[in-house]
Amino acid sequence: MTEELVITCIICPMGCRIRVLKKNGEVIAVKGYSCPRGREYAVQEATKPLRVLMTVIPCINGDLPVVSVKTNKPIPRDKLLEASKYLASVSVKAPVEIGDVIVENILGLGADIVATRPCRRVKN
Amino acid sequence: MIYDSVIIGGGPAGLAAAVKLAEKGYEPVIIESRDRLGGIPLQCIHPGFGLHLFREDLTGPEYIYRFIDRVEELGVKYVLEAYVEEIVNYSMISKKVRITSPRGVEVVEGKTLIYAAGARERTRYEIGLPGPNAAGIYTAGEAQTMMDMYGVMPGKRVLILGSGDVGLIMARRFVLEGAEVVGVVEILSYPSGLVRNIVQCLEDYGIPLYLQHTVKEIRARNGRVSEAVITRVDENFKPIPGSEFTVDIDALILAVGLRPRVKLLKELGVRIDPNSHGPVVNDWLETMDAPGVFVAGNALMINDYADYASMQGYWAAESAIEYIENKGLPSTRWRRVVPGENTRLVVPQYLSGLRDAWLYLRVSTPLENARLVIPGLGREIPLIHALPSLQLRLMLRREEILRAGEEVVVEAVKD
C-alpha cells in the first residue's frame with residue numbers, strides 16, 4: 001500500500017511543500033525539498049512527528065492560580081491530546097520552581113512534565 | 001534620589017536594560033504596571049524564546065526569569081502596580097516621571113529615561129467590526145492572560161479573527177484545554193503568523209484557516225456573543241455577496257495586530273513614524289525630539305522575537321550610559337533612513353555615522369527571489385522568500401554609513 005503525505009516545512013520561512021511517498025509504512029521517495037534539513041524534517045514528520053506539549057495546571061496556595069508546564073522532551077504528536085487530558089486531573093502545591101518535575105514519565109512516553117514558571121506560596 | 005535611568009516597563013526590553021545598567025555599576029529603577037516583573041512572556045507558555053540570545057529553546061516564563069533572577073541578584077529597585085501619569089523632560093539630565101502606585105503618588109527622577117512600555121493590541125473598533133457590545137469578545141492577549149496566568153477559560157466554542165502569531169498560539173491552547181476552535185479567519189491572501197505556527201497550531205489539530213475571509217457581523221444572545229457571520233472578500237477586501245456563512249460561537253478572539261504603546265511619548269512631543277507606529281529614533285535608540293529619552297522593545301516597533309526586544313534594551317542601556325558620562329550624545333549631521341520600494345518600515349529612522357547600527361525592517365508584500373538593496377551604501381542582500389510577517393535585521397558598519405548622503409533609501413527589489 002502506498003500513500004503520499006504533503007508536509008509543510010517549518011525549518012525556515014520558505015515553507016516548502018514537501019511530498020513524502022510511503023509504501024507499507026516505509027519512506028520510498030521525498031520530493032519538493034530545497035535543503036537537507038528540510039528533507040530530514042519531512043521524513044521525521046511523515047514517520048513519527050514529535051511535539052513539545054505545554055499547558056497550565058492548578059497551583060494550590062500559589063501566587064497565581066495556575067503554573068505553566070511542558071514536556072522536557074518532545075512526545076509523539078498523536079499523544080498530545082491524551083497527555084493534555086491526563087494533565088487536566090493533575091494539580092500541584094506551591095511553592096514550585098522552574099524545572100521541578102510535576103509528572104514523571106507521562107503516559108509511559110519517556111518524557112517528564114516540568115514546571116516552566118515559578119509559583120510562590122502565599123498564605124491562605 | 002536621582003537614578004541613572006528610569007525604566008518604564010519590566011518586560012523583555014526593560015529588564016534587559018536594567019540588567020545591563022546595573023552590571024556596569026549604574027543605578028536604574030523599573031516602573032512596572034503589573035503586580036510582578038516579566039511582562040508578556042510570563043503568559044507565553046510555548047517554546048521559541050531565547051534562540052537568538054541564549055542559543056536555547058525556552059518557554060516565555062523560562063526566558064524572562066533569566067532576567068528577573070538577574071535583576072533580583074543585582075538588587076535593582078522596582079515599583080510594581082505603578083501607573084505612569086506623566087513624563088516631564090525637565091532638563092538634559094533630569095527626566096521626571098509622575099507615578100501612582102499602592103505607595104501613593106510620587107515623582108521618580110532619572111538622568112535618562114528608557115521607555116519600554118511594550119505594545120497594545122488592536123481592538124474591534126479599529127477594524128470596524130459591527131454588532132452588539134456583547135460579552136465573550138476578547139483580544140488574543142487577554143485570552144492568554146485569562147487562560148495561562150489565571151486558569152480561566154474565555155469560551156468553549158471559539159472563532160479567531162486574524163492570523164497573527166498570538167491568535168494561532170491561542171487556537172492550539174483552546175484545543176488542548178478541551179474547547180472547540182471553529183476556525184481562524186484572515187482577510188489577506190496569506191497568513192500573518194509564522195509558518196511554524198500555521199503548521200503546529202492549526203494543521204496539527206485540523207483547525208480550518210479561512211484566507212481572504214472576514215467576520216462581517218456578530219450576533220449576541222442574552223448579552224453574550226452567539227454567532228458570527230463569515231464572508232469571503234474580493235481583492236479590495238469587500239465582502240462577496242452570497243458567500244456568507246454563519247457559525248455558532250461563545251467567544252470571539254481578536255488577533256488583529258499590535259501597535260507600539262506611544263501615548264506618553266506623544267505627550268512628550270516625540271514624533272511618531274507612520275510606518276512603524278513607534279517613535280522616531282536615532283541609532284542610539286534615542287528619540288529625535290527628547291534628548292536622553294531612549295526607546296526599546298515593542299514600544300519602539302513590533303518585534304517578532306522577545307530576544308530582539310531584549311537586545312534593543314541592551315542597546316538603549318549602553319546609549320544611556322554614554323549619555324550619562326558625556327551629559328548628552330554628540331551632535332552630528334543625521335542621515336535619514338527612508339523605506340523605499342516594497343519596504344514597509346525601517347528602524348532606526350536616523351543614522352549618526354558615529355557608530356555601527358542595526359537596522360530592523362519589514363517588506364510590505366510577499367516577495368520571491370528578491371534583493372534587499374541600500375543603493376547609497378552599495379549593500380545588497382538576497383531575499384529568497386520574504387514576507388511582511390518576517391522581521392529582517394542587518395548590521396550597518398560606521399564606515400558604510402559615512403559613505404551615505406543625507407538620505408539612506410532601503411528597498412526590496414524583484415529580479
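Here is a short Q and A on why the features of this predicted two-chain model get the labels they do.

The model is predicted, with local features needing pLDDT of at least 70, side-chain atom pairs counting only at pLDDT 80 or more, and totals for chains, interfaces and linings using all residues. Residues are numbered from 1 along each chain as its sequence is written, while chains are lettered from A and ligands numbered from 1 in the order in which they are written.

Q: What makes chain A more spread out than a compact globule?
A: Take the radius of gyration over C-alpha atoms and set it against the globule rule, 2.2 Å times the number of residues to the power 0.38. For the 124 residues of chain A the rule gives 14 Å, and the radius is 19 Å, well over that, so chain A is more spread out than a compact globule. Along the principal axes, its C-alpha atoms fill a box of roughly 60 × 30 × 15 Å.

Q: How do you know that chain B is as compact as a globular protein of its length?
A: Same test: the rule gives 22 Å for 415 residues and the radius of gyration of chain B is 22 Å, so chain B is as compact as a globular protein of that length. Its C-alpha trace spans about 65 × 60 × 40 Å along the principal axes.

Q: What are the helix and strand counts of chain A and chain B?
A: Helices (H or I, at least four residues) and strands (E, at least two) are DSSP runs, numbered from the N terminus. On that basis chain A has two helices and ten strands, in the order β-β-β-α-β-β-β-β-α-β-β-β. Chain B has eight helices and 25 strands.

Q: What share of each chain counts as buried?
A: A residue is buried if 20 or more other C-beta atoms lie within 10 Å of its own, with C-beta atoms placed from the backbone (12 or fewer is exposed, in between is partly exposed). That label goes to 31% of the 124 residues in chain A and to 50% of the 415 residues in chain B.

Q: Why are H4(B) and H5(B) called roughly parallel?
A: Angles run from 0 to 180 degrees between N-to-C directions, with axes fitted to C-alpha atoms, for helices over the stretch in contact. Under 35 degrees counts as roughly parallel, over 145 as roughly antiparallel, 65 to 115 as roughly perpendicular, and the rest as oblique. H4 (residues 165–176) and H5 (residues 195–202) of chain B cross at roughly 20°, their axes coming within 8 Å. H4(B) and H5(B) are therefore roughly parallel.

Q: Why are H1(B) and H7(B) oblique instead?
A: H1 (residues 12–23) and H7 (residues 306–326) of chain B cross at roughly 40°, with axes coming within 7 Å. H1(B) and H7(B) are therefore oblique to each other.

Q: Which residues of chain A and chain B make up the contact between them?
A: Contact means C-beta atoms, placed from the backbone, within 7 Å. That picks out 22 residues from chain A and 23 from chain B. On the chain A side, strands E5 (54–60) and E6 (66–71) each supply at least two residues, and E5(A) gives the largest share, four residues.

Q: What classes do the residues on that side of chain A fall into?
A: Ala, Val, Leu, Ile, Met, Phe, Trp, Tyr, Cys and Pro count as nonpolar, Asp, Glu, Lys and Arg as charged, and the others, Gly among them, as polar. The side of chain A that touches chain B divides into twelve nonpolar, six polar and four charged residues.
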